[in-house]
Amino acid sequence: MKNTLLAAATLIAATALPAMLQKAAAQDVEKGQRSFNKCLPCHAIGPGAENKVGPELNGLDGRHAGAVASFNYSEPNKNSGLVWDEATFKDYIRSPQAKIPGTKMAFAGITNPQEIDDLWAYLKQFDANGDIKK
Ligand code: HEC
């Protein structure tokens, strides 16, 4: 009887846990999307995204800094040699001016590490065409 209960409990835990983790991940993306409202005046992302005050951000994960050919970057951004991966982005968005001195991105930065995590979870979903990666 004890073993049966234990087995049942294990089964429930094994099936419920992945669903819970998925839910947590989905929330991150939702929160990240909300955080992206701070970027929206200057940046677009997703299908058909075009440059605004700043470059469109599709396919950002793995993209080289200054890579959107149709956008007129500042020299410091274009020549930064950065590649936008998780670590680089998280460092940058805390203080863009500190990471790329002289950048023309007029944004103070985000200090809350959780918000930065959520924002990255949202941004990294999009491939170069603006579609959600599978
Ligand atoms: C006031 C306008 C403005 C806001 C707000 C803004 N940005 Fe920017 N962003 C820019 C501009 C302009 C550039 C180009 C910088 C340059 O060339 O020096 C840029 C560049 C970038 C780059 C580098 C892109 C590349 O191709 O090298 C990233 C990444 C980025 N922004 C992310 C964000 C995120 C995420 C947010 C919101 C948290 C945000 N930005 C908010 C204007 C803005």
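**Entry 1: the chain**

Helices here are DSSP runs of H or I with at least four residues, strands are DSSP runs of E with at least two, and both are numbered from the N terminus. I am working from a predicted model. I began with the elements. The chain has five helices and two strands. Read from the N terminus, their order is α-β-α-β-α-α-α. I then looked up burial for the chain of 134 residues, and buried residues come to 34% of them.

**Entry 2: the iron site**

Which residues coordinate the iron atom of the ligand? I found H43, through NE2, and M105, through SD. The distances are 2.0 to 2.1 Å. I noted where the pair sits in the chain. H43 is in the loop between α1 (2–35) and β1 (63–64). M105 is in the loop between α4 (96–99) and α5 (113–123). The two are 62 residues apart, so I logged the pair as a link between distant parts of the chain.

Next I checked the geometry. The iron atom has six donor atoms, and the angles among them run from 86 to 179°. The site is octahedral. Are H43 and M105 buried or exposed? Both are buried.

**Entry 3: the largest pocket**

I turned to the pockets. The largest pocket has a volume of about 510 Å³. It is lined by 28 residues, and those closest to its centre are H43, G54, P55, Y92 and M105. I recognised H43 and M105 from the iron site.

Which element gives the most to this lining? It is helix α3, residues 86–94, with three residues. I also sorted the lining by class. There are 19 nonpolar, six polar and three charged residues.

**Entry 4: the nonpolar core**

I looked up the largest nonpolar core, which has 20 residues. The members that touch the most other members are F36, W84, F89, I93 and L123. Which elements give two or more residues to this core? They are α3 and α5. α5 gives the most, with five residues. I made a note that α3 turns up here and also in the pocket lining.

**Entry 5: single residues**

I started with the loop between α1 and β1, which holds G46. I logged G46 as buried because its relative accessible area is 2%, and the cut-off is under 20%. I also looked for a partner far along the chain. D127 is 81 residues away from G46, yet their C-alpha atoms are separated by 8.4 Å.

L57 is in the loop between α1 and β1 too. L57 is buried, with a relative accessible area of 11%. I checked L57 against the iron ligand H43. They are 14 residues apart along the chain, and 6.9 Å separates their C-alpha atoms.

G130 belongs to the segment after α5. Its relative accessible area is 2%, so I put G130 down as buried. I paired G130 with E56, 74 residues away along the chain, and read 9.5 Å between the C-alpha atoms.

I finished with A87, which lies in helix α3. Is A87 buried or exposed? A87 is exposed, because its relative accessible area is 57% and the cut-off is over 50%. The C-alpha atom of A87 is 9.8 Å from that of W120, with the two positions 33 residues apart in the numbering.

**Entry 6: recap**

I closed the page with the iron site. H43 and M105 coordinate the iron atom, both are buried, and both are among the residues closest to the centre of the largest pocket.

How values were computed
Residues numbered from 1 in each chain as written. Predicted model: local features only at pLDDT ≥ 70, side-chain atom pairs only at ≥ 80, totals over all residues. Heavy atoms only, no water. 1 Å grid on protein atoms, 1.4 Å probe; cavity = no way out; pocket = protein on both sides within 12 Å on 5 of 7 lines; lining within 4 Å. Points joined across faces, edges and corners; volume = space filled by probe spheres on them. Nonpolar A, V, L, I, M, F, W, Y, C, P; charged D, E, K, R; others polar. Donors = N, O, S within 2.8 Å, 3.2 Å for Na, K, Ca; no water. Tetrahedral: all angles 85-135°; square planar, octahedral: opposite > 155°, others 65-115°. Buried < 20%, exposed > 50% of the residue type's maximum accessible area, 1.4 Å probe, protein only. Core = buried A, V, L, I, M, F, W, Y, C linked by side-chain atoms within 4.5 Å.
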